[in-house]
Amino acid sequence: MVAPNVKAETMRLMDRRTALEAEMNAIIAGLSVPGGPGITGGLVDAEGFPRADIDIPAVIAQRRRLGELRNDHKDITNKIEKNLEALHSTKLTRNEQSTPRSSGTSAPLHGGLSRNDPMEEDVVTRLPFAMIDEIADGSPAAVDGLLLGDEIVKFGSVEAGDRLQERLVSEAISNEGNQVSLLIIRQGSPMNLTITPRKWHGRGLMGCHFRIL
């Protein structure tokens, strides 16, 4: 049996990560208002003077805080992944021990999937691999329902793994004009969405940025 403290710690870490994401989203939204500097935009005007239309010290402080939050988010995500590995390992061991030895005939397990601990299943299904940290007004992503802070669990055929940015771009390009199914986490709850990558007046086919977690 998985130690209760491991499961409890994992859920606390997920709650902490959700709080970090909420703070990050608030900073990103504040920096990305119309006329704002964004999270990477310049702080000087065309003549090289400090912009007079923004509070530069506040912007610098917000960007610094955003960087700190992202580092904390990465650390927490790594801890969650380690705990999930422990949960998976323990569950596999338990399943192997509960499987009857073969004696020429197969004996079904009583209870089937209902034997799985619902908390373990919930923990596993909540682990995303990317988060929407930029989204343009009027973009396909915005029109089709994606929001800042949405966490991506599955994008078409893309799930966690290697070369995620490359695979996300390839998935969007190969499905231009066609609906792509997404599984996302929004404010801690799973949701299914569809988005249609397509040309619009802005850059790319979706008008959003995926930050790999």
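**Figure 1. Strands 2 and 3 side by side.** Strand 2 (residues 151-155) and strand 3 (residues 180-186) run antiparallel to one another and are paired over four bridges. One place to look is Phe155, whose bridge partner in strand 3 is Leu182. Please keep in mind that this and every other view shows a predicted model.

**Figure 2. The hairpin of strands 3 and 4.** Moving on to the next pair, we find strand 3 joined to strand 4 in the antiparallel sense, over seven bridges. Here Leu183 stands opposite Asn192 of strand 4. The two strands make a hairpin with two residues between them. In the turn you can find Gln187, which has a positive phi of about 50°.

**Figure 3. The whole sheet.** Now step back to see strands 2, 3 and 4 in their setting: an open sheet of five strands in the order 4-3-2-1-5, with antiparallel pairing. Strand 4 (189-195) and strand 5 (208-212) are the edge strands, and each of them pairs on one side only. On average, neighbouring strands of the sheet are turned by 40° against each other, direction ignored. Helix 5 (residues 164-174) lies across strand 2 and strand 5, and its direction is at about 150° to strand 5.

**Figure 4. Asp150, just outside strand 2.** This close-up turns to a single residue, Asp150, in the loop between helix 4 (140-143) and strand 2. Is Asp150 buried or exposed? With a relative accessible area of 1%, Asp150 counts as buried, because that value is under the 20% cut-off. Its side chain has two polar contacts to look for in this view. The side chain of Asp150 reaches the backbone nitrogen of Leu147 at 2.8 Å, and a polar contact of 2.7 Å joins it to the side chain of Arg186. Leaving aside neighbours within four places in sequence, the residues in contact with Asp150 include Ala130, Met131, Gly145 and Ile184.

**Figure 5. Two nonpolar cores.** The largest nonpolar core has 20 residues, and Leu66 and Ile80 are those with the most contacts inside it. Helix 1 (4-31) and helix 2 (56-98) each supply at least two residues of this core. Take a closer look at Ile80: not counting residues up to four places away in sequence, Ile80 touches Thr10, Leu13, Met14, Arg17 and Leu127. There is also a second, separate core, with 19 residues, among them Phe129, Ala130, Ala141 and Phe210. As general background, nonpolar side chains tend to be buried together in soluble globular proteins.

Methods: Residues numbered from 1 in each chain as written. Predicted model: local features only at pLDDT ≥ 70, side-chain atom pairs only at ≥ 80, totals over all residues. Heavy atoms only, no water. Pairing = 2+ DSSP bridges. Axes fitted to C-alpha atoms, helices over the stretch in contact; angles between N-to-C directions. Contact = heavy atoms within 4.5 Å. Buried < 20%, exposed > 50% of the residue type's maximum accessible area, 1.4 Å probe, protein only. Polar contact = N/O pair within 3.5 Å; in protein donor to acceptor, adjacent residues only side chain to side chain. Core = buried A, V, L, I, M, F, W, Y, C linked by side-chain atoms within 4.5 Å.
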